[in-house]
Amino acid sequence: MQRTRRDILLFMGGGAAGAMLTPAPWRLVTDAAIWSENWPGIPRPARGEITARYTNCALCPAGCAVRARCVAGQPVSLAGVAGNPLSQGALCAFGLTGHQLPYHPQRLKQGTPEEAAAAVRGAMAKCGAGESVAVLDLAPGRAASWTYRRAMAAVANGVYLAPPPPLGGAAVNLAKARTVLSLGAPLLDGWGTPGNVHAARANFRLIQAEPWESRTAALADEWLPIRPGSEAALALALKDPKTAPSAAQATGLTEKQILDLANELTANGPALVLSADDLPEALALNHALGAWGQTLVARPEVPVPDAWKKAAPERVVASVPDNSIRVLFIDESVPGSHIPWGAIEKKLVRDNPVVVAFAWTLEGYGRHAQFTLPTAVYPELTSDIPPAIDSPAATFRISVSLVAPPAGMADPSAFIAKAAGIDAGNALQERADAIHKSGRGTLFTYADGKSTPLKDIKPDAFWKSLNEGATWLGGAEEPLTRRRGDAEEIPGELPSEAPRLRVSASDTFPLLVAFTTPTPATLSSPLMSKLYQDSDLRMAPNTAALHPDTARASGITGASRAVLETQYGRCAIGVIPDESVPPGMLEVAAGPEILDICGAFTRAKVVAA
Amino acid sequence: MPFLAGALAALGAGWVGFPHAIYKSRPQPVDFSHKVHAEKAGTKCEDCHAFREDGTFAGIPSLSTCAACHAAPMGTTAAEKNFIDAYVTPNREPDWASYAQQPENVFFSHITHVKLGQLKCEQCHGDQGASDKLRPYQVDRISGYSRDIWGRTLFQSKAAGAVPGMKMDDCVDCHRKQGLSHSCLDCHK
């Protein structure tokens with residue numbers, strides 16, 4: 001029988017029709033879909049023994065206690081530690097996803113440490129009179145910070161730079177406060193230790209004076225919407241009611257509101273006044289209200305070995321002459337305060353300064369440095385965490401490495417110590433030994449939830465416990481050795497730029513910049529970023545929202561591109577008109593470019609692109 | 001006629017050849033009889049497939065559990081001799097293949113289902129506990145899922161008493177029938 005082409009086509013057609021009546025094609029489609037979810041390129045969590053390990057979160061100065069659920073040694077979920085006297089079992093959203101940071105797409109994995117060391121040696125040899133070698137430490141108070149200070153003391157013209165300490169270095173005792181007036185401080189949104197703040201929250205009345213309805217304002221007992229930049233005027237009027245009429249004009253509140261507030265602060269004490277940028281007027285108001293020694297206390301220093309005390313003093317960037325730093329090391333390996341690059345850049349010498357940044361991402365100062373050396377990131381790194389602002393007691397805890405960092409990561413303190421020719425030794429253990437030697441305080445161990453007096457613990461056991469996530473708590477606060485509070489008497493150097501600029505609006509930069517997140521310098525986990533951006537809960541980086549009237553006054557119509565300008569420079573941004581933003585304010589979703597030109601509180605102007 | 005021939009050929013290939021082709025199989029390392037252990041030794045499922053102290057499910061028992069009884073040969077069968085010689089004496093864990101291994105993106109808690117939900121082992125694992133011989137382990141060549149996850153038949157039977165598969169649809173069906181929560185994050189943590 002002869003086969004024709006028609007027969008073959010009919011056979012094929014029959015085959016195709018028959019195949020549709022079998023499970024094969026449908027199953028292949030499903031299988032291919034499943035394969036695409038599980039293909040070999042997708043990372044797979046390890047399988048193995050399930051264990052719990054304890055550490056302390058190094059993502060902000062709060063240093064909350066963390067219980068990590070590990071599978072085959074790999075942390076797969078993080079939670080707070082109930083019973084911890086500082087963090088009280090709480091962990092913020094950022095902390096809950098901290099174990100994902102090592103896999104962040106912006107992670108920096110390669111650097112050139114040998115070339116950086118050679119360039120540093122060359123530049124230090126060339127360092128002339130009036131020039132300096134400096135370390136900018138964004139998270140001061142750590143054992144590594146002391147290494148930097150010792151290194152800078154060993155170097156001719158060495159300078160140790162750190163952000164100004166909040167509240168002049170005092171600590172807040174929220175547990176004693178009955179009334180808290182917050183002048184724009186994000187008290188319920190990233191300020192201090194979240195667990196501690198929320199535990200104390202039931203005992204104080206919170207009044208938030210702020211131009212926009214921030215998350216803290218929304219959760220406060222009372223929100224006083226004041227005009228941008230009028231915080232200092234309000235603080236002055238509360239201290240001296242004679243200035244209430246002018247304060248009413250500046251803030252937009254009524255005189256009665258201001259006087260009632262002043263009465264409430266006095267009658268319902270102890271009171272505490274916090275401002276977002278350490279306004280001298282707020283510190284003076286605290287002094288007048290008798291907050292010093294009650295809600296503001298002098299926290300005892302965490303002991304350090306005697307040999308460390310020959311160290312360079314802590315200075316702020318503004319105190320260094322312009323064009324004087326020849327070699328600058330910047331440690332941003334752990335999240336800390338942010339200083340605009342524009343403020344740092346003008347301190348560098350004009351001819352070939354050497355800037356070495358230690359960072360885990362290229363989103364920060366590394367973009368401007370000649371050398372950016374990759375570092376471990378939480379929870380890979382091992383570092384101590386300085387006491388939080390709301391801890392009246394001295395504390396010492398270690399963020400213990402839960403995951404081995406990738407090969408080739410730089411150790412900032414070892415690098416800087418070597419460049420300065422000092423032996424950094426095992427700084428962390430030396431400091432732990434000094435604390436043990438002091439015999440003060442108690443050790444809180446997480447696994448059993450016990451507090452043990454330090455004098456009952458041997459040095460080896462103390463060190464071992466610290467490496468298992470335990471927290472040392474020093475004794476109660478010490479009495480103040482001298483009164484502080486009047487603006488003229490505030491110890492240390494105040495930041496020259498921020499508070500003064502905020503007091504009065506300037507014609508050149510009429511808008512007050514407010515960030516949508518309390519810690520704009522911190523990158524969050526990839527999962528959190530994705531969830532936020534996919535859900536449209538957060539503006540995209542380098543975008544700003546402003547009131548339509550403000551936009552019109554700036555010559556901007558509708559959503560468009562614009563240029564943001566501050567005293568430190570200018571950058572392109574996206575602009576969204578938003579009626580919920582008060583006139584005179586600019587609500588900004590920080591991106592690297594914006595952070596380069598904006599400090600925590602900056603005035604700015606926006607012009608149409 | 002050619003159309004019909006083509007259709008019949010495709011139906012045959014799809015219903016008979018495809019189920020064999022889609023799975024690759026390998027034998028289990030030990031010739032193990034659940035039936036002998038249940039009937040002669042009187043063991044129950046949970047004697048070997050136990051929960052740990054922290055509530056996690058131990059799954060397939062490790063060699064130490066087996067060796068507690070089989071430190072020396074118990075009987076003269078070839079299977080027993082092979083087990084002792086190949087695994088117990090050299091202290092080597094058998095390379096068991098788990099019929100019910102869920103993929104990486106699924107979090108399944110046995111203790112929740114057994115203790116809280118009062119499910120019997122057979123409701124998901126079928127008559128495995130009464131088998132005299134371990135079936136070869138079959139795995140889907142494309143998706144990598146065990147055949148037991150899909151269900152042992154190519155199209156799952158919804159008849160009463162039939163062993164369901166262990167796919168997401170099967171879990172959701174059961175949760176829905178019981179009026180239980182079945183949101184994404186219940187299983188995909």
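**Chain contacts, a barrel and a helix pair in a predicted model**

In this predicted model, 24 residues of chain B are in contact with 23 residues of chain A, contact meaning C-beta atoms, placed from the backbone, within 7 Å. Local features need pLDDT of at least 70 and side-chain atom pairs 80 or more, while totals for chains, interfaces and linings use all residues. Residues are numbered from 1 along each chain as its sequence is written, with chains lettered from A and ligands numbered from 1 in the order written.

Trainee: Which element gives the most to the side of chain B that touches chain A?
Mentor: Elements here are DSSP runs numbered from the N terminus, helices being H or I with at least four residues and strands E with at least two. On the side of chain B that touches chain A, the residues divide into 17 nonpolar, five polar and two charged; nonpolar covers Ala, Val, Leu, Ile, Met, Phe, Trp, Tyr, Cys and Pro, charged covers Asp, Glu, Lys and Arg, and the others, Gly among them, are polar. With 14 residues, the element that gives the most is helix α1 (residues 2-22) of chain B.

Trainee: How much of chain B counts as buried?
Mentor: Chain B has 10 helices and two strands, and its C-alpha trace spans about 65 × 45 × 30 Å along its principal axes. A residue is buried with 20 or more other C-beta atoms within 10 Å of its own, exposed with 12 or fewer, and partly exposed in between, the C-beta atoms being placed from the backbone. Of the 189 residues of chain B, the buried share is 12%.

Trainee: In β24(A), what is the bridge partner of Leu546(A)?
Mentor: A closed barrel of six strands in chain A runs β21-β25-β22-β24-β23-β26, with mixed pairing; strands pair if DSSP finds at least two bridges between them. Strands β22 (residues 543-546) and β24 (residues 569-577) of chain A run parallel and are joined by four bridges. In β24(A), the partner of Leu546(A) is Pro577(A).

Trainee: How do α8(A) and α11(A) run relative to each other?
Mentor: Helix α8 (residues 231-239) and helix α11 (residues 280-289) of chain A pack at about 20°, with axes 9 Å apart. Axes are lines fitted to C-alpha atoms, for helices over the stretch in contact, and angles run from 0 to 180 degrees between N-to-C directions. Angles under 35 degrees count as roughly parallel, over 145 as roughly antiparallel, 65 to 115 as roughly perpendicular and the rest as oblique. The angle therefore makes α8(A) and α11(A) roughly parallel.

Key
Contact = placed C-beta atoms within 7 Å.
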